[in-house]
Amino acid sequence: MKLALLSDIHANLQALDACLDHAQRHGATQYALLGDLVGYGGDPAAVMDRILQLASAGAVVLQGNHDEMALHPPAQSDRLGEATAGWTHTQLTTEHRQFLSALPLTARLQSCWLVHASADAPEKWRYVEDERSAGASLEAAVADPQVRYVFGGHVHRQTLYYKGSGRGLMAFAPTPGVPIPTPAHRQWIATVGSVGQPRDGQPSAMYALFDLAQARLTFHRVPYDHMAAAAAVRRAGLPEYFAQRLEEGR
Amino acid sequence: MKLLEPGTLLDGFVIEECIHSGGMAHIYRVHYANGANCVRDPGFPMVMKIPRMTAGDGAENIVSFEVEHQLLQVLTGPHVPRFVAAGDLHHVPYLVMEHVQGQTLDHWLPEPGEPHTPLTPDTLARLGAAMAHAVHSLHKQNACHLDLKPANVLIRPDGSAVLLDFGLSCHAHYPDLLAEELRKAVGSPAWIAPEQVVGVRGDPRSDVFAIGVMLYELATGELPFGAPKTDGGLRQRLWMDPRPPRALRPDLPPWLQEVILRCLETEAAQRYPSAAHLAFDLSNPDQIEVTARGERTIGTGFKEHFKRWLKAAGKHYQPSPMPSQQIEEVPILMVAVPHHDVSDATLYSLRQAVARSLGIRPGARLAVVTVISPSDTSSTHNDKSETNVHRRHLTQLKQWAQPLDLSGHQTSYHVLESNDVAQALVRYAEGNHVSMIVMGAATHGLQIQRFVATVPIKVAMDAPCTVILVKQQTPFEQLNA
C-alpha cells in the first residue's frame with residue numbers, strides 16, 4: 001500500500017488537485033485526509049466535492065478544528081480565521097455539513113495511526129510541535145500494539161520524529177522528495193505539513209507519501225497555481241491577509 | 001552470531017571463507033548459489049558482513065547495521081563499495097557489498113611492537129590526497145563518515161581510496177539513528193574530532209580531522225592523541241595540540257607538518273574548510289604557504305593550553321547544516337588566464353569577475369591557471385628550459401592577481417602544459433574538485449561564435465562545474481569611445 005497523507009487543505013482547490021495528481025503519478029493506492037479540509041481558503045464547496053468523491057472511493061477522512069468551526073461558526077469573533085468560518089459555513093451544502101459532522105477524529109490503517117492534531121487528546125487540538133508533544137502523541141497511539149506510525153497535521157510543518165540512541169524523541173527536518181527508510185521495528189511520528197496553506201516562506205503545497213511495504217516515507221513539496229488560489233480568496237471577499245499568505249507561503 | 005561454515009547457504013548466497021573477524025562483525029566472501037549465471041549476479045566479487053549480535057540484543061551495532069544499510073543503498077561513486085543486498089533485521093541481518101581489491105591503510109603502519117619504517121613525504125601526500133578525494137566525494141553526497149581510521153580506508157592498486165564501514169556515519173537526508181538528546185561522543189577515540197566529542201554529527205571537517213590523525217600516524221608511527229579510554233581523556237581533544245610531527249621525525253618537510261597540523265586544529269574553523277582544499281594542498285606541495293605551524297618542533301605550551309582548556313569547558317553541541325551546503329560555501333574557484341593574444345581589457349574583466357566571485361564566498365580558494373604549449377619549452381635552450389618558462393609564466397600570473405584582495409583566500413598559481421587548452425582546463429578542474437571556472441569568452445583573439453567550438457565553448461560543455469565566460473568590460477571600451 002502506498003498511502004498519500006494530505007492534511008490542512010483549507011479549501012484550497014488548486015493545491016489539493018496538484019497534490020492528488022502528484023500522488024497518483026507516484027503510485028498512491030490509498031488516500032488519507034487528516035482534517036482541516038476547509039477554512040481560510042476560497043473554494044470550500046469544490047474542495048468538499050472532491051473529498052466526498054475520494055471518500056466514496058475508500059479514502060480515510062478525519063475532522064480537524066477548522067471543520068468543526070465551519071459546522072458551528074462563532075457568532076462573532078475578532079480572530080480572522082474564525083471570521084472566515086462563518087462564510088465557509090454558508091458555502092457548504094447540507095450534504096457537505098452532514099459529511100463533516102460525521103467525521104471521526106482518528107483512524108487506524110494497518111500500522112498507521114491517523115489524527116489531525118495529537119493522538120493523546122484528539123479533541124483538544126494540541127499542537128505536535130516539538131519532541132515532547134510528539135512523544136505524548138506517539139505514546140498514546142502505540143497503546144495499540146499494532147501501531148508503529150503516527151501521522152498528523154495541524155502544525156503546517158513537515159517534521160519526522162524518531163527514537164535515536166537516547167530515551168527521548170529526536171526531530172528531523174526532511175528533504176523534500178527523498179524517501180526515508182522508516183523500518184517498522186522502530187516507532188515514528190510525523191507531521192505531514194499543509195496542502196493548502198504552507199507557512200514556511202515557500203508557496204508550494206506539502207503532503208507525504210508512505211510506502212508501507214517498503215517502509216519508506218517521502219515528504220513532498222508540490223508547486224501549484226498559488227496565484228489562482230489567492231485570487232479565489234479575494235473573489236470570495238475573504239480578508240486580503242489570507243490571499244497574500246498563499247502568494248508568499250507565509 | 002557464531003561463525004558460519006564455508007558452504008552455508010543464506011538467502012541465495014553461498015558463504016565462502018571468513019576474511020575478517022572484527023569486534024562488531026564477521027566478513028565473508030560470498031557468491032550467488034547459481035554463480036555468475038544468476039540473473040542477480042552483479043559481475044564483481046562480493047562480501048557479506050554479518051553483525052556479531054542480533055536484533056534481540058538491541059545493541060549499538062544493530063543500529064550501526066541499520067545506519068550502514070541506509071547509507072550504502074544511496075552512496076555512489078568509486079570511493080564506496082557497491083551495495084548488493086541486505087538481510088532482514090529480524091531474521092539474519094547482513095549486508096552484501098562489493099569486495100574491493102586493495103589494502104587498508106593499516107598496511108602502511110607498523111605492526112604493534114615493530115619499528116616504524118618512515119614513509120616518504122611523497123607517499124604520505126599521495127595517500128593523504130587519495131583519502132581527501134574519497135572523503136570529498138562522500139561530503140558532496142551529503143554524508144559524513146565520522147569513523148575514519150586506517151582499518152576503514154582501503155587503497156586500490158591504482159592508488160585511489162575506498163571508504164569502508166559506514167556504521168557510525170551520518171547522512172543529512174536521513175534521521176540520524178545514532179544521535180541522542182544527550183549528545184554523546186560517537187566514534188573511535190583515537191581518531192575522533194573535538195566537535196564529535198560534544199556530540200556534533202554532520203560536520204565535514206570532522207572527517208578532515210580524522211585524515212589529519214591518520215597522516216600523523218603514517219608519518220610518525222604514533223597516534224597524535226593516543227587512544228583515550230575515559231570521557232575526561234576524550235575531552236582533552238577539545239583543547240590539546242599534539243606534539244608537532246617534526247619533533248618525532250625531524251626530516252619531515254615543514255609543508256607536510258603544516259598540512260597535518262592544520263587538519264588537527266581543535267577549532268573546526270581553523271582546519272581545511274573542505275576535503276577538496278586538503279586534497280589540493282597535498283597535490284601541490286610547492287604551493288603550500290608554510291607558517292610557524294609547519295616549522296615548529298616544540299609542542300604548545302602550558303599557558304596556551306590552559307587558556308584553551310578554560311574555553312573548552314563551555315563547548316557544547318550545536319547542530320550542523322547539510323554537508324553539501326557546508327562545502328559549497330567554500331568552493332575552489334579556478335581562473336584561466338591566457339598568456340598571449342590577450343587584451344588588457346580581457347585581463348581586467350577577468351580580474352573583476354574573480355573579485356566579485358570571491359567577494360561573496362569568504363572561504364573560497366583560488367587557483368590561477370594558464371596553459372602553455374609543450375613547444376614553448378625546450379630542453380636545449382636554457383632560456384626556454386621548462387623551469388625558466390614556468391617561472392616566467394608564474395610571475396605573470398602573480399602580477400595579474402596582484403590587484404586582487406586575496407586576504408582570507410588561499411591562492412595558488414599553476415602552469416599547465418598541453419596542446420589542447422580546453423582539455424587541460426577541464427581535466428584540471430575535475431582533478432581538483434573545482435566548483436567554478438572563470439575564463440574569457442573570447443580567447444586568442446577568437447570572439448565567441450555560434451558554430452565553432454572555441455576553447456571557452458569546449459570548456460563550458462565538458463566542465464564538471466559552472467563556467468563563467470567573461471566578456472570584455474569597461475572602462476576600456478569607454479576610453480576608446
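Start by selecting B:M46 and B:E98: the two residues stand opposite each other, with B:E98 in strand 6 of chain B. What you have open is a predicted model, in which local features need pLDDT of at least 70, side-chain atom pairs count only at pLDDT 80 or more, and totals for chains, interfaces and linings use all residues. Residues are numbered from 1 along each chain as its sequence is written, while chains are lettered from A and ligands numbered from 1 in the order in which they are written.

Now show residues 46-51 and 95-98 of chain B, which are strands 4 and 6; they pair in the antiparallel sense over four bridges. Strands here are DSSP E runs of at least two residues, numbered from the N terminus, and pairing takes at least two DSSP bridges. Add strand 5 (residues 83-86) of chain B, joined antiparallel to strand 6 by three bridges. Here B:A85 stands opposite B:V96.

Next, pick B:I211. Among the residues that B:I211 touches (C-beta atoms, placed from the backbone, within 7 Å) are B:G128, B:M131, B:L148 and B:C263. B:I211 is also one of the residues that touch the most other members of the largest nonpolar core, which has 114 residues. Such a core is a set of buried Ala, Val, Leu, Ile, Met, Phe, Trp, Tyr and Cys residues joined through C-beta atoms within 7 Å; buried means 20 or more other C-beta atoms within 10 Å. Apart from this core lies another, of 76 residues, including A:L6 and A:V195.

Finally, go to the interface, where 14 residues of chain A are in contact with 13 residues of chain B. On chain A, strand 7 (158-163), strand 8 (169-172) and strand 9 (180-181) each supply at least two residues of the touching side.

Conventions:
Contact = placed C-beta atoms within 7 Å. Buried ≥ 20, exposed ≤ 12 C-beta atoms within 10 Å, placed from the backbone. Lists of a residue's contacts leave out its neighbours within four places in sequence.
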